[in-house]
Amino acid sequence: MQAPVLVLKDSLKRESGSKVQHANIQASKAVADIIRTTLGPRSMLKMLLDAGGGIVVTNDGNAILRELDLAHPAAKSMIELSRTQDEEVGDGTTSVIVLAGEMLHVAEAFIDKSYHPTVICRAYNKALEDAIAVLDKIAMSIDVKDRSTVLGLVKSCIGTKFTGQFGDLIADLAIDATTTVGVDLGQGLREVDIKKYIKVEKVPGGQLEDSKVLKGVMINKDVIAPGKMRRKIVNPRIILLDCPLEYKKGENQTNAELVKEEDWGVLLKMEEEYIESICMQLLKFKPDLVITEKGLSDLACHYLSKAGVSAIRRLRKTDNNRIAKACGAVIVNRPDELQESDVGTGAGLFEVKKIGDEFFAFIVDCKDPKACTVLLRGPSKDLLNEVERNLQDAMCVARNIIKNPKLVPGGGATELTVSATLKQKSSSIEGIEKWPYEAAAVAFEAIPRTLAQNCGVNVIRTMTALQGKHANGENAWMGIDGNTGAITDMKERKIWDAYNVKAQTFKTAIEAACMLLRIDDIVSGIKKKQAPGAGQAPSKPKIEEEGDADNEQILPE
């Protein structure tokens, strides 16, 4: 009698599992549908209200999903995908969500037919391996030093963004910035650290065309004593410090017992002599500009200005690192350890300028800067924020191409080639895995289909024509021109994607789909909050007795 009970339990468990899988698939499709319309150059924009009450207008997939507050755990993990993609390669944040949503959508039919999720995942992983192999086959190597090719790639990346309408401007800024901070690691490898060494400074006002990449660094500071210190120095000698140029205060309570009145004067004199000695140690190296991350007292300011040295205080650590990289200085922690080699002589000009109603210090015309500032000008803060987001993506694409100089066709051509090749291969796969594998091949068509939808052309007609051209995995460069919706050769139109971005998109989307499919239960560890007053037994009215009167406190505590 025992066996049927076990079977019954098993079937009950499976039912609950498929329910959860359906819920996960629905949640993921909902997230994909939110940003499906933002794929491609003719895409729609989204207006978001952020937590602070401000508005954000953007069509950047990651920026949109970042602002969403969704309750479903599967939806949260989809949002995480877009963030991973943004941190890893900086582009393809919308594609990865659309593709993952489609992979889950085609899996739904197999879940209904009681396929085991592991079988579906096995087929998906096989499809992923074959898709990467197709990418390797159709990828085209380029020369990183050929600026026009790299410019074409970065332009096709930001062609789908809001700033695509400003032509080469943003692409030029991105390429200039990334080539400036690139460091050779040997063996043909280059390291580009965008986060640390490229600062984007947004200053409202002026025109977008006034934006430029500075051959050096710009900081939002003025010299300490504007009247006494020089605001323009050609070929400055720069000393960077990480210590205060003021008298040290006691770390805890310090008592000084003064017996005679003269002792007070001695104490003050000692403080002054200490500051003077520090300043003299600095002035030995004949600097023109002293910059410190900490405070700088009035007395030190007096000694420095008397010697004709300009000084800036309380600078951010990150800005100080950038200045060090730009002018070749070394940040010093103690003035008595200063050496001639620590003085930065790489800068060509130090100048303080007033932009709008704020003062900015420029350390520019550096000989071989390994850090730079991108100065963005524009009519409003909202516009500048969007330009900055697009510039970030463009710089990431430029970085990817410097690291791995391979291109694949854009405009949905890659996905169609992958899809056609996988469909061919599916006929040679034996067993139950054949169908999920074929479904994965069909899912890749979601990207060109969405592109066609967003162009406003006849989707069925366009997709049929494209599938005909890609039928046997040939015409790998035929795709959709996102502006007109016409089927064209991507090589001629210079619509390209970086190999890194495509490979990462495929990997992230398929692996995430597999992960979500294998979830068969969601167990919540959050206790539900009880409504005030609910769940408690109604209290009985209390009758006061004579003894209680003594215990009452008349005065409040």
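Glu-340 is partly exposed, with a relative accessibility of 44%. In this predicted model, Glu-340 forms a salt bridge with Arg-237, and the closest N and O atoms are 3.0 Å apart. The two residues stand 103 residues apart, and the pair links distant parts of the chain. The structure holds 31 salt bridges; several of them are described below, followed by two helices and a surface patch.

**Salt bridges**

- Arg-237 lies in the loop between strand S9 (232–234) and S10, whereas Glu-340 lies in the loop between strand S13 (331–332) and strand S14 (349–355).
- Asp-336 and Arg-334 also form a salt bridge, their closest N and O atoms being 3.3 Å apart.
- Asp-336 is partly exposed at a relative accessible area of 47%, and Arg-334 is partly exposed at 46% relative accessibility.
- Lys-423 and Glu-445 meet through their side chains in a salt bridge with an N to O distance of 2.6 Å.
- Because Lys-423 belongs to helix H13 and Glu-445 to the loop between helix H14 (434–443) and H15, this pair ties together parts that are 22 residues apart in sequence.
- Lys-423 is partly exposed at 33% relative accessibility, while Glu-445 is buried at 6%.
- A network of salt bridges links Lys-199, Glu-201, Arg-316, Asp-319 and Arg-322.

**Helix H16**

- Helix H16 spans residues 459–469, and its residues Val-459, Thr-462, Met-463 and Leu-466 are buried.
- These buried residues cover an arc of only 95 degrees around the axis, so they lie on the same side of H16.
- Ile-460, Arg-461 and Gly-468 are exposed on the other side of H16.
- The packing partners of the buried residues of H16 are helix H13 (413–426), helix H15 (446–455), strand S18 (478–480) and strand S19 (487–489).

**Helix H4**

- Helix H4 comprises 20 residues (93–112) and reaches 30 Å from its first C-alpha to its last, close to the 28 Å expected at 1.5 Å a residue.
- Because 17 of the 20 residues of H4 are buried, the helix is largely enclosed by the rest of the structure.
- Ser-114, just after H4, takes a positive phi of about 60 degrees.

**Nonpolar surface patch**

- Leu-258, Trp-264, Val-266, Leu-267, Leu-268 and Met-270 make a nonpolar surface patch of about 530 Å².
- Leu-258 is located in the loop between strand S10 (238–241) and helix H9 (261–283).
- The relative accessibility of Leu-258 is 35%, so this residue counts as partly exposed.

Conventions:
Residues numbered from 1 in each chain as written. Predicted model: local features only at pLDDT ≥ 70, side-chain atom pairs only at ≥ 80, totals over all residues. Heavy atoms only, no water. Helix = DSSP H or I, 4+ residues; strand = E, 2+ residues; numbered from the N terminus. Expected span 1.5 Å × (residues − 1). Buried < 20%, exposed > 50% of the residue type's maximum accessible area, 1.4 Å probe, protein only. Patch = residues over 30% accessible without salt bridge, like charges linked within 9 Å, V, L, I, M, F, W, Y side chains within 5 Å. Areas by Shrake-Rupley, 256 points an atom, 1.4 Å probe, with all protein chains shown as cover. Salt bridge = Lys/Arg side-chain N within 4 Å of Asp/Glu carboxyl O. Arc of directions from axis to C-beta. Contact = heavy atoms within 4.5 Å.
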